Amino acid sequence: MVLKLPSQLQRFGIPSLSHYYNEYKELGNSKFKLTEISSEAILVFLQEIDPDKAAGLDNISGRFLRDGANILAKPISQICNISIKYSVFPRDCKVAKLRLLYKKGSKTDPKNYRPISLLPLISKIIEKVVHDQTQNFLNKSKIYYKYQSGFRKHFSTNSCLLYLHDRILNGFDHNLYTGMILIDLQKAFDTIDHKILLDKMFFVGFSEQTIKWFNSYLSERQFKVNLNGTFSEPGIVSCGVPQGSILGPLLPYYI
């Protein structure tokens, strides 16, 4: 089973990525490389896990990870560090359990169900390690738009609305007309092209080894639909960022 979504996307050539980032981002020759993490840091992550967090296909629950944090911190840190060292994301962590939640209407119509993607919780620990390092680099490099509010610490929809409100009032004070163009991108996170995203990482200063890790993280993704305790054959995800992931929202918003 292969998703038909990628084949429906219109392809555009982007010959000027390097020009755009070199001229407008002024990033210089900075290079971001993932670094290994201590078991003490992993212990903190495990102790902060919600015990009611739903398990993925591996059936390892949040309570199990939190209650066994002191014992599990070292082996999980070793898994994280091996992943970073060899730029390979564990294959078993790339298979999502898709649970369908009924909304309304006919129960025989697939459109009346909302899919919930559940990833293995250990994969989220690895993602958390990479997320924090990546976020720190992006913040220091000031790659993002300075008024960006989505998926950014200390910002929210309120900060976005306050900025918009201030711009409108400022326009009124200067006898200016104010207009807005609002764009609703359908399936925005599901239609991200992996190659374009990885190319952009190169131009914003990600090292070759780090890009290789992200390529492994994004590629060969699968999902299995769970319906009444029965799993479907695996479906292939060939574009977009993983639903229900920690890194998923970070990549499209910042890069």
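This note covers the nonpolar cores, one helix pair and one buried polar residue in a predicted model.

1. The largest nonpolar core holds 40 residues, and those touching the most other members are Ile42, Leu46, Phe206, Trp213 and Phe214. Two or more residues each come from helices H2 (39-47), H4 (69-86), H5 (121-141), H7 (194-204), H8 (208-218) and H9 (250-254). H5 supplies the largest share, 8 residues.

2. Phe214 can be followed through its contacts. Apart from neighbours within four places in sequence, Phe214 is in contact with Val130, Thr134, Leu198, Met201, Phe206, Leu247 and Leu251.

3. A second core, separate from the one above, has 5 residues, among them Ala96, Leu98, Leu119 and Val225.

4. Two of the contributing helices also pack on each other. The axes of H4 and H5 lie 10 Å apart and make an angle of about 60°; the two helices are therefore oblique to each other. Their crossing is right-handed. On the H4 side the contact is made by Ile76, Ile79, Cys80, Ser83 and Ile84, and on the H5 side by Ile125, Ile126 and Val129. By class, the residues of this contact are 7 nonpolar, 1 polar and no charged.

5. Asn226 sits in strand S3 (residues 221-227). Its relative accessible area is 19%, so Asn226 counts as buried, the cut-off being under 20%. Leaving out neighbours within four places in sequence, Asn226 is in contact with Lys97, Leu98, Arg99, Leu100 and Phe231. One of these, Leu98, is also a member of the second core.

Notes. Residues are numbered from 1 along each chain as its sequence is written. This is a predicted model: local features need pLDDT of at least 70, side-chain atom pairs count only at pLDDT 80 or more; totals for chains, interfaces and linings use all residues. Side-chain values use heavy atoms; hydrogens and water are left out. A nonpolar core is a set of buried Ala, Val, Leu, Ile, Met, Phe, Trp, Tyr and Cys residues joined through side-chain atoms within 4.5 Å. Buried means under 20% relative accessible area, exposed over 50%, partly exposed in between (1.4 Å probe, protein chains only). Helices (H or I, at least four residues) and strands (E, at least two) are DSSP runs, numbered from the N terminus. Contact means heavy atoms within 4.5 Å. Axes are lines fitted to C-alpha atoms, for helices over the stretch in contact, and angles run from 0 to 180 degrees between N-to-C directions. Angles under 35 degrees count as roughly parallel, over 145 as roughly antiparallel, 65 to 115 as roughly perpendicular and the rest as oblique. A crossing is left-handed if the near helix is turned anticlockwise from the far one by less than a right angle, and right-handed if clockwise. Ala, Val, Leu, Ile, Met, Phe, Trp, Tyr, Cys and Pro count as nonpolar, Asp, Glu, Lys and Arg as charged, and the others, Gly among them, as polar.
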